[in-house]
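Biologist: Can you pull up the complex for me? I'd like to go through the interface and then the empty spaces.

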Amino acid sequence: MSAALALGDDALVLSHRLGEWAGHAPVLEEDVALANIALDLLGQARVLLSLVGDEDELAYLREERAFRNLQLVEQPNGDFAHTIARQLYFSVYQHLLYERLAAGGGEFADLAAKAVKEVAYHRDHAEQWVLRLGDGTAESHQRMQAGLEALWRFTGEMFQPVEGLDDTGSGLDRQELERTWLAAVTGTVERATLTLPTGPRAGAWAAGAGRQGLHTEPFGRMLAEMQHLHRSHPGASW
Amino acid sequence: MAAVTADQKTQSTSGTAKATGTVAGTAGDPADAARLAAFDAAVAADDRIEPRDWMPEAYRATLVRQMAQHAHSEIIGMQPEANWITRAPSLRRKAILMAKVQDEAGHGLYLYSAAETLGTSREELLDKLHAGRQRYSSIFNYPTLTWADVGAIGWLVDGAAITNQVPLCRCSYGPYARAMVRICKEESFHQRQGYELLLALSRGTEAQHAMAQDAVDRWWWPSLMMFGPPDDASSHSEQSMAWKIKRHSNDELRQRFVDICVPQAEALGLTLPDSDIRWNEERGQHDFGAIDWTEFQEVLKGNGPCNEQRITQRRKAHEEGAWVRDAAAAYAAKHTTPPVQQTQHAQQAPHVEETA
């Protein structure tokens, strides 16, 4: 069950971050696109969390230490390039993961098969923007490179085994997943005339920290905002 | 087609649908007189005016102004609701709200596209919005202070917008009328969702009920103001009605809205903040109290609670996004070879087509 929680929390938290962009995007088309991606992810989160329990109890009444999302997805939006770097890293990973889960025939196969179509679009959106920002102007190139660098250290966690996912019949091979991810991201980054970051790929704690409920500081504030109203009216329905 | 520069500051009131025409003026050119006669005949016959048709400059200018104002209202209108996305109290409500704000961006896009058929551009219109030379609906200068405001906006603000906009589906200008057909479908859906949100609160805990009532108390009068000034003070309406851009007067639409809302409020178990509302047997309509037009004028002048905040956020998003738009343009310039050059390239070095 913790696998559904891990995947559900990834989608929930990234959806929330993308929701913060509403009305702030560089062009109207991006207001539409980012909201669209956020909605897809929220839809996935609701299905996954419902496998575990009540979606609202899980979203609104757990504290920071009980969330199992990757540290990558909780990172603040930063500028548009930071948001796109986060989207590139995560959506390539999620696309490859869901493709494998869909093919693996395990517990998440049906869900992954549905979500993979959405995620393919998210991935394309991120890759197209990495190309435009990387190979756009000097400023956008520099900002895109900075975004890739800043978030690089959170990418290692994606390839740590998840209890209930890697140890069952999902047929998931994390090493193969990581190789494929790295090749795909490298390809996009190079086409965008950017440089793949070289630093360590571990979070503030160690790879796997978010999955153990060890998060970064901005996450607590995000949850405070997300949960405030729900927690202010115990037992109410909305 | 001549570029339209409808720069004059409008006295128009509600960007959501209100029209204020300038008086049609045509010079003494006999060819123009013939074209004007054809135009008038087309309008009289309820034909649609299309982008390539001749139209009086004042008709064009009025439409650009009204459609721009309408588009601006959609995108400024994202702000008061987006204000609650990150705090929505359930995942279902959060999804509904995100979808709604996304729809509003989409409506903005339709309307800018429709306005562009009149010879202006989205960039030009946005520049005017940011410079304060074009307006958006006064309603969006009110703050969303509680979650219930999201419901009140759906029920009352979208309800008023729909009352205004449904007649626009028959507007004489084809592209605008067609945009409105699509927009009204989605707006009706949002309005029902807002109503349903308020109903859940009204039937919820005491605190939730109080939250819903407070929101209705704060949004009722501003919603009535969305229909614009009273008919005797709305000097430009006559021309817009003659051109069939507008189909009903401000007061007619406002009355229609009140008549719709009274039973809905009862069904919601909420009261409207107007002790003068009562059924008038003789008129077959509801009487209602006097609107505070001073407040309305103040909001229009920029002195509403959120005028400054709304336009500042809008400008900030635009300015902070400039480098992204520049990047997209630079990338497109690098990777899109003009057709003629492409042929030359193909002849010289076919292998450079990697970016096609």
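Modeller: Here we go through the contact between the chains, then a pocket and the cavities. Keep in mind that this is a predicted model.

Biologist: Fine. How many residues does each chain put into the contact?

Modeller: Chain A gives 47 residues and chain B gives 45 residues.

Biologist: And how much area do chain A and chain B bury between them?

Modeller: About 3,900 Å². Carbon and sulfur atoms account for 67% of that.

Biologist: Which three residues supply the most of what chain A buries?

Modeller: Leu28(A), Leu229(A) and Trp238(A). Together they supply 19% of the area that chain A buries against chain B, more than any other three residues.

Biologist: What about charges? How many salt bridges cross the interface?

Modeller: The rule finds two between chain A and chain B. In one salt bridge, the side chain of Lys334(B) meets that of Asp135(A), at 3.1 Å from N to O.

Biologist: How many residue pairs are in polar contact across the interface?

Modeller: There are 16 such pairs, counting those where both residues are at pLDDT 80 or more.

Biologist: Which elements of chain A give two or more residues to the side touching chain B?

Modeller: Several helices of chain A, including helix 1 (2–19), helix 5 (80–104), helix 6 (109–134) and helix 9 (217–232). Helix 2 (28–52) is also one of them. That helix 2 of chain A gives the most, with eleven residues.

Biologist: What's the residue mix on that side of chain A?

Modeller: It divides into 23 nonpolar, twelve polar and twelve charged residues.

Biologist: Switching to pockets. How much space lies in the second largest pocket?

Modeller: About 330 Å³. Its lining has 18 residues. Nearest its centre are Trp21(A), His24(A), Gly78(A), Asp79(A) and Glu320(B).

Biologist: So both chains show up there. Which helix supplies the largest share of that lining?

Modeller: Helix 12 of chain B, with four residues. Helix 13 (322–335) of chain B also supplies at least two. By class, the lining has eight nonpolar, five polar and five charged residues.

Biologist: Now the closed spaces. How many cavities of 30 Å³ or more are there?

Modeller: Six. The largest has a volume of about 130 Å³. Of its 14 lining residues, the closest to the centre are Ser73(B), Glu74(B), Phe140(B), Asp158(B) and Glu187(B).

Biologist: Which helix gives the largest share of the lining of the largest cavity?

Modeller: Helix 6 of chain B, with four residues. Helix 2 (57–76) of chain B gives two or more.

Biologist: And the classes in the lining of the largest cavity?

Modeller: Five nonpolar, four polar and five charged residues.

Technical notes
Residues are numbered from 1 along each chain as its sequence is written. Chains are lettered from A and ligands numbered from 1 in the order in which they are written. This is a predicted model: local features need pLDDT of at least 70, side-chain atom pairs count only at pLDDT 80 or more; totals for chains, interfaces and linings use all residues. Side-chain values use heavy atoms; hydrogens and water are left out. Contact means heavy atoms within 4.5 Å. Buried area is the accessible area (1.4 Å probe) that two parts lose on being put together, summed over both. A salt bridge is a side-chain nitrogen of Lys or Arg within 4 Å of a carboxyl oxygen of Asp or Glu. A polar contact is a pair of N or O atoms within 3.5 Å; within protein, one must be able to donate a hydrogen and the other to accept it, and residues adjacent in sequence count only if both atoms are side-chain atoms. Ala, Val, Leu, Ile, Met, Phe, Trp, Tyr, Cys and Pro count as nonpolar, Asp, Glu, Lys and Arg as charged, and the others, Gly among them, as polar. On a 1 Å grid over the protein atoms alone, a cavity is a set of points where a 1.4 Å probe fits but cannot get out, and a pocket is an open set with protein on both sides within 12 Å along at least five of seven lines; lining residues have an atom within 4 Å of a point. Grid points are joined across faces, edges and corners, and a volume is the space filled by probe spheres set on the points.
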